[in-house]
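Visitor: I would like to take a close look at a single part of this structure, and to follow how that part sits among its neighbours. Could you guide me through it slowly?

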Amino acid sequence: RNICTMKKCFVVLALLAASAAGCAPALKDLRPALSAADSGGIWFGSAGSLVRAPDGSRFVLGDPAVIGGDLRFPSGTGPFPAVILAHGCGGIGNAETGWAPVLREWGYATFVIDSFRGRGLTEVCTNARTLTGTQRIPDAYGALRILATHPKIDARRVALMGFSHGGILTMGASTAWAKETFASAGRPAFRVFLAFYPSCNTVYPERERISAPVRIHSGELDDWTPAGPCIRLAETLKSSGQDATITVYPGAHHSFDNIGRPFLRLSNVDSGADCTFRIASTLGPFPPASE
């Protein structure tokens with residue numbers, strides 16, 4: 001489903017090759033901190049994990065997972081503010097690899113994280129229950145923890161920027177619950193959250209209290225993760241005095257910033273665009289898969 005220009009394809013393949021260099025190390029073999037010379041492919045541990053309970057009805061806290069990422073710096077000596085970029089359900093694509101060089105031109109270090117390879121996954125578009133956006137929240141906080149050890153990173157100025165499935169991750173990570181769970185006891189926290197075309201169709205209490213400013217970007221014609229529920233969420237957050245805004249781009253479809261890929265209509269993906277899910281907590285219990 002990823003169609004791109006030759007130049008963009010080269011960038012994507014180069015990034016994937018960097019991430020794929022060697023097999024994923026064991027958790028015990030991961031380095032606890034980075035040095036000033038570290039860049040490129042980085043393996044790190046997530047901040048724990050959210051795994052399904054034996055009956056599948058809810059998430060419970062579990063052990064860290066080994067995650068890969070690609071760390072790049074702008075010119076200069078730093079320390080730099082940074083942006084962690086989280087891919088969609090199809091894995092690393094044109095959106096992340098397109099934004100990363102632009103962000104570096106603006107003076108930000110970029111860390112494009114891969115939530116799939118360390119888990120043996122290639123995509124979750126056709127089965128969203130394989131790994132949900134909520135389950136990727138510890139990935140983002142693990143990336144933040146390891147970035148904060150790098151001498152060239154200003155840990156007080158790190159943003160999380162997620163696309164589609166990664167946008168769901170970003171919205172979940174923006175909650176006060178996520179910060180309290182994965183960034184407590186003086187650990188680094190995110191400065192801002194940038195969610196591109198996330199799904200806001202799941203309603204749960206935790207999402208109504210955020211830990212830092214949230215900026216949502218949605219397409220007017222998006223029929224996979226429609227803008228409407230995100231507009232209502234942003235209005236709810238603003239009405240309670242919290243710093244959240246949404247920009248809806250006229251005439252734009254899903255993945256509108258994925259440069260080089262024509263608009264496609266896919267028939268084999270999981271989609272909750274026409275559904276609203278109400279759950280008692282971000283951790284569940286969840287409705288049965290058949291509902």
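Guide: Let us begin with helix 4, whose buried residues in this predicted model are His165, Gly166, Gly167, Leu169, Thr170, Met171, Gly172 and Ala173. Because eight of the nine residues of helix 4, which spans residues 165-173, are buried, this helix is largely enclosed by the rest of the structure.

One neighbour is helix 3: the axes of helix 3 and helix 4 come within 8 Å and cross at roughly 75°, which means that helix 3 is roughly perpendicular to helix 4, since angles of 65 to 115 degrees count as such. On the side of helix 3 the contact is made by Ile137, Ala140 and Tyr141, while helix 4 contributes Leu169, Gly172 and Ala173. Sorted by class, this contact has five nonpolar residues, one polar residue and no charged residues.

From here we can step outwards to the sheet, which is open and has eight strands in the order 1-4-6-5-7-8-10-11, with mixed pairing. Its edge strands, each pairing on one side only, are strand 1 (40-45) and strand 11 (244-249), and neighbouring strands of the sheet are turned by 20° against each other on average, with direction ignored.

Within the sheet, strand 5 (residues 80-86) and strand 6 (residues 109-114) pair in the parallel sense over five bridges, and valine 83 stands opposite threonine 110 in strand 6. Helix 3 (residues 137-147) packs on this sheet, touching strand 1, strand 4, strand 5, strand 6, strand 7 and strand 8, and its direction makes about 140° with that of strand 6.

Key
Residues are numbered from 1 along each chain as its sequence is written. This is a predicted model: local features need pLDDT of at least 70, side-chain atom pairs count only at pLDDT 80 or more; totals for chains, interfaces and linings use all residues. Side-chain values use heavy atoms; hydrogens and water are left out. Two strands pair if DSSP finds at least two bridges between them. Helices (H or I, at least four residues) and strands (E, at least two) are DSSP runs, numbered from the N terminus. Axes are lines fitted to C-alpha atoms, for helices over the stretch in contact, and angles run from 0 to 180 degrees between N-to-C directions. Contact means heavy atoms within 4.5 Å. Buried means under 20% relative accessible area, exposed over 50%, partly exposed in between (1.4 Å probe, protein chains only). Angles under 35 degrees count as roughly parallel, over 145 as roughly antiparallel, 65 to 115 as roughly perpendicular and the rest as oblique. Ala, Val, Leu, Ile, Met, Phe, Trp, Tyr, Cys and Pro count as nonpolar, Asp, Glu, Lys and Arg as charged, and the others, Gly among them, as polar.
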